[in-house]
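Visitor: I would like to learn how to read a protein model. Where should I begin?

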Amino acid sequence: MEHQIPIKDDIKQATPEFAAQAAELIFSSGPTSLQAMLGINGKSPTAFIEYAFARDSGQISHTNHYAIVRDGQLAAIASCWENPVSEEARRANLTVLVDYY
């Protein structure tokens, strides 16, 4: 007899509406290194991640993430991007950093 495990989670393309929740999840994946890299000039790393996630381009953009939603709330996030990183993607990453900082 085959057993099926009911899956209640929904996996979908992330949207800017998840930016605040995604920022907390992404930051929690490496708080020490993300604080060192993004906590410059007294700015909050999670604020930058939220800003970058809401944008339509750049590595942290929602366009490079999938949302795992449980009961209407973001439960987990998965990122994906091309390798090697294209010149266009590099420019987008730099633009997000320069615009924010």
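Guide: What follows goes from the whole chain to single residues. Keep in mind that this is a predicted model.

Visitor: How many helices and strands are there in the chain?

Guide: The chain contains 4 helices and 3 strands. Along the sequence they come in the pattern β-α-α-α-β-β-α.

Visitor: What box do the C-alpha atoms of the chain fill?

Guide: Taken along the principal axes, the box is roughly 60 × 30 × 25 Å. The chain has 101 residues, and 29% of them count as buried.

Visitor: What share of the contacts joins residues 24 or more positions apart?

Guide: The share is taken among contacts with a separation of 6 or more, and 59% of those join residues 24 or more positions apart.

Visitor: And the surface: how much does the chain expose, and what do carbon and sulfur atoms supply?

Guide: About 6,800 Å² is exposed, and carbon and sulfur atoms supply 54% of that area.

Visitor: Next, charges. How many positive and negative side chains does the chain have?

Guide: The general idea is that side chains of opposite charge can pair when their charged atoms come close. In this chain there are 7 positive and 12 negative side chains, and the centres of the two sets lie 3 Å apart.

Visitor: How many salt bridges does that give?

Guide: A salt bridge needs a side-chain nitrogen of Lys or Arg within 4 Å of a carboxyl oxygen of Asp or Glu. By that rule the count is 2. One of them pairs Asp99 with Arg55, with 3.4 Å between the closest N and O atoms.

Visitor: Which parts of the chain does the pair of Asp99 and Arg55 tie together?

Guide: Asp99 is in helix H4 (residues 87-100), while Arg55 is in the loop between H3 and strand S2 (65-70), so the pair ties together parts 44 residues apart in sequence. Asp99 is partly exposed, its relative accessible area being 45%.

Visitor: Where do Arg91 and Glu87 lie?

Guide: Both are in helix H4, 4 residues apart, which is about one turn of the helix. Their side chains meet in a salt bridge, at 4.0 Å from N to O. Arg91 is partly exposed at 48% relative accessible area, and Glu87 is partly exposed at 49%.

Visitor: Now burial. Is His62 buried or exposed?

Guide: Buried means under 20% relative accessible area. His62 has 9%, so it counts as buried. The residue sits in the loop between H3 and S2. Apart from neighbours within four places in sequence, His62 is in contact with several residues, including Gln13, Pro16, Phe53 and Asp56.

Visitor: What about Thr46: is this residue buried or exposed?

Guide: Thr46 counts as buried, because its relative accessibility is 18%. Thr46 is part of helix H3 (residues 45-54). Its side chain makes a polar contact of 2.9 Å with the side chain of Ser44. Beyond neighbours within four places in sequence, Thr46 is in contact with Ala23, Glu24 and Phe27.

Visitor: Where does Trp81 lie, and which residues is Trp81 in contact with?

Guide: Trp81 lies in the loop between strand S3 (73-79) and H4. With neighbours within four places in sequence left aside, Trp81 is in contact with Gln59 and Asn64. Trp81 is partly exposed, with a relative accessible area of 45%.

Visitor: How should I set separation along the chain beside distance in space?

Guide: Take two pairs in turn. Trp81 and Thr63 are 18 residues apart along the chain, and their C-alpha atoms are separated by 9.3 Å. Arg70 and Thr32 are 38 residues apart along the chain, and their C-alpha atoms are separated by 28 Å. Arg70 belongs to strand S2 and is partly exposed, at 44% relative accessible area.

Visitor: One last feature, the backbone angle phi. What is phi of Asn41?

Guide: Phi of Asn41 is near 55°, a positive value in a residue other than glycine. Asn41 is in the loop between helix H2 (31-38) and H3, and counts as exposed at 65% relative accessibility. Asp71 is not a glycine, and its phi is positive at about 55°. Asp71 is in the loop between S2 and S3, and counts as exposed at 72% relative accessibility.

Key: Residues numbered from 1 in each chain as written. Predicted model: local features only at pLDDT ≥ 70, side-chain atom pairs only at ≥ 80, totals over all residues. Heavy atoms only, no water. Helix = DSSP H or I, 4+ residues; strand = E, 2+ residues; numbered from the N terminus. Buried < 20%, exposed > 50% of the residue type's maximum accessible area, 1.4 Å probe, protein only. Polar contact = N/O pair within 3.5 Å; in protein donor to acceptor, adjacent residues only side chain to side chain. Contact = heavy atoms within 4.5 Å. Areas by Shrake-Rupley, 256 points an atom, 1.4 Å probe, with all protein chains shown as cover. Lys, Arg positive; Asp, Glu negative; His and termini not counted. Charge placed at Lys NZ, Arg CZ, Asp CG, Glu CD.
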